[in-house]
Amino acid sequence: MTPSPERRRELLDTAAEVFAAQGYNATTVRRIADEAGMLAGSLYYHFDSKESMIDEILSTFLTELWEGYDAVLAADLGPRETIEALVTESFREIDRHRAAVAIYQKESKHLATQPRFAYLFDSQQKFEKAWLGTLERGVAAAVFRADLDIRLTYRFVRDTVWVAASWYRPGGQHSPEEIARQYLSMVLDGIALDT
């Protein structure tokens with residue numbers, strides 16, 4: 001009898017919440033099994049290790065993230081519209097994979113040193129290239145200010161968006177699109193009234 005895809009997804013969701021709360025190294029298979037309401041040995045029926053679980057959690061998140069990002073980047077939008085679409089897609093991913101985003105933020109630097117997780121480093125390089133390239137296009141097209149430090153701007157926008165995984169809860173008062181709109185308004189237009 002093979003485990004159902006639904007049950008596997010439930011177990012991964014549980015594991016993601018535990019990894020996000022406790023950290024990868026502090027999380028035991030027993031703890032994940034306890035949270036899932038099963039014996040630790042039963043978890044091995046579905047996964048061969050906690051490393052396999054975190055690998056599937058992160059690779060699923062990044063695959064979906066890049067499907068959205070690649071669609072945005074292929075849409076031939078202007079620089080401002082590309083930034084707006086990337087930020088909106090980022091908040092949608094936080095909505096879909098909040099725990100995976102938190103895990104990625106806390107664990108990717110350490111995990112990327114292991115051959116199995118080399119894709120984390122590759123994804124980070126691709127991510128940086130997409131954002132920096134869009135910001136550079138915006139400065140060159142006089143859509144963004146010429147005095148921007150592109151790398152600092154990239155880091156500010158990246159960190160401002162992705163840290164939301166620490167407080168965002170799916171189904172809350174604001175949709176991912178509404179949060180993206182508010183963030184974009186602050187980032188692109190500022191918070192001070194023109195005087």
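**Exercise 1. Decide whether Glu-178 is buried, partly exposed or exposed in this predicted model, and describe its salt-bridge partner.**

Step 1. In this predicted model, Glu-178 has a relative accessibility of 24%. Buried would require a value under 20% and exposed a value over 50%, so Glu-178 counts as partly exposed.

Step 2. The side chain of Glu-178 meets that of Arg-181 in a salt bridge, with 3.0 Å from N to O. Arg-181, at 47% relative accessibility, also counts as partly exposed.

Step 3. Both residues belong to helix H9, where they are three residues apart, which is about one turn of the helix.

**Exercise 2. Find which parts of the chain are tied together by the salt bridge between Asp-70 and Lys-126.**

Step 1. Begin with the total, which comes to 19 salt bridges. In one of them, the side chains of Asp-70 and Lys-126 meet at 3.5 Å, N to O.

Step 2. Place each partner: Asp-70 lies in helix H4 and Lys-126 in helix H7, so the pair ties together parts that are 56 residues apart in sequence.

Step 3. Consider accessibility: Asp-70 is partly exposed at 34%, and Lys-126 is partly exposed at 39%.

**Exercise 3. Describe the salt bridge between Glu-89 and Arg-96, and name the network to which these residues belong.**

Step 1. The side chains of Glu-89 and Arg-96 meet at 3.0 Å, N to O. Side chains of opposite charge can pair when their charged atoms come close.

Step 2. Glu-89 is buried, with a relative accessible area of 10%, whereas Arg-96 is partly exposed, with a value of 45%.

Step 3. Widening the view, a network of salt bridges links Glu-64, Glu-89, Arg-92, Glu-93, Arg-96 and Glu-177.

**Exercise 4. Work out the surroundings of Arg-98, a residue of helix H6.**

Step 1. Helix H6 covers residues 98-111, and Arg-98 is placed in it. With a relative accessibility of 13%, which is under the 20% cut-off, Arg-98 counts as buried.

Step 2. Leaving aside residues up to four places away in sequence, Arg-98 touches Glu-17, Glu-93, Ala-165, Tyr-168, Arg-169 and Pro-170.

Step 3. With one of these, Glu-17, the side chain of Arg-98 makes a polar contact of 2.6 Å.

**Exercise 5. Compare the backbone angle phi at Asp-76 and Ala-142 with what most residues show.**

Step 1. Most residues other than glycine have a negative phi.

Step 2. Asp-76 is not a glycine, yet its phi is positive, at about 55 degrees. Asp-76 sits in the loop between helices H4 and H5, and it is exposed, with a relative accessible area of 72%.

Step 3. Ala-142 likewise has a positive phi, of about 60 degrees, although it is not a glycine. Its place is in the loop between helices H7 and H8, and Ala-142 is exposed at 66%.

**Exercise 6. Determine which helices and which classes of residue line the largest cavity.**

Step 1. A search of the whole structure finds one cavity of 30 Å³ or more, and the largest cavity has a volume of about 30 Å³.

Step 2. Its lining consists of Ile-83, Val-87, Val-157, Val-161, Tyr-183, Leu-184 and Val-187.

Step 3. Helices H5, H8 and H9 each supply at least two of the lining residues, and the largest share, three residues, comes from H9.

Step 4. Sorted by class, the lining has seven nonpolar residues, with no polar and no charged ones.

Definitions and conventions: Residues are numbered from 1 along each chain as its sequence is written. This is a predicted model: local features need pLDDT of at least 70, side-chain atom pairs count only at pLDDT 80 or more; totals for chains, interfaces and linings use all residues. Side-chain values use heavy atoms; hydrogens and water are left out. On a 1 Å grid over the protein atoms alone, a cavity is a set of points where a 1.4 Å probe fits but cannot get out, and a pocket is an open set with protein on both sides within 12 Å along at least five of seven lines; lining residues have an atom within 4 Å of a point. Grid points are joined across faces, edges and corners, and a volume is the space filled by probe spheres set on the points. Helices (H or I, at least four residues) and strands (E, at least two) are DSSP runs, numbered from the N terminus. Ala, Val, Leu, Ile, Met, Phe, Trp, Tyr, Cys and Pro count as nonpolar, Asp, Glu, Lys and Arg as charged, and the others, Gly among them, as polar. Buried means under 20% relative accessible area, exposed over 50%, partly exposed in between (1.4 Å probe, protein chains only). A polar contact is a pair of N or O atoms within 3.5 Å; within protein, one must be able to donate a hydrogen and the other to accept it, and residues adjacent in sequence count only if both atoms are side-chain atoms. Contact means heavy atoms within 4.5 Å. A salt bridge is a side-chain nitrogen of Lys or Arg within 4 Å of a carboxyl oxygen of Asp or Glu.
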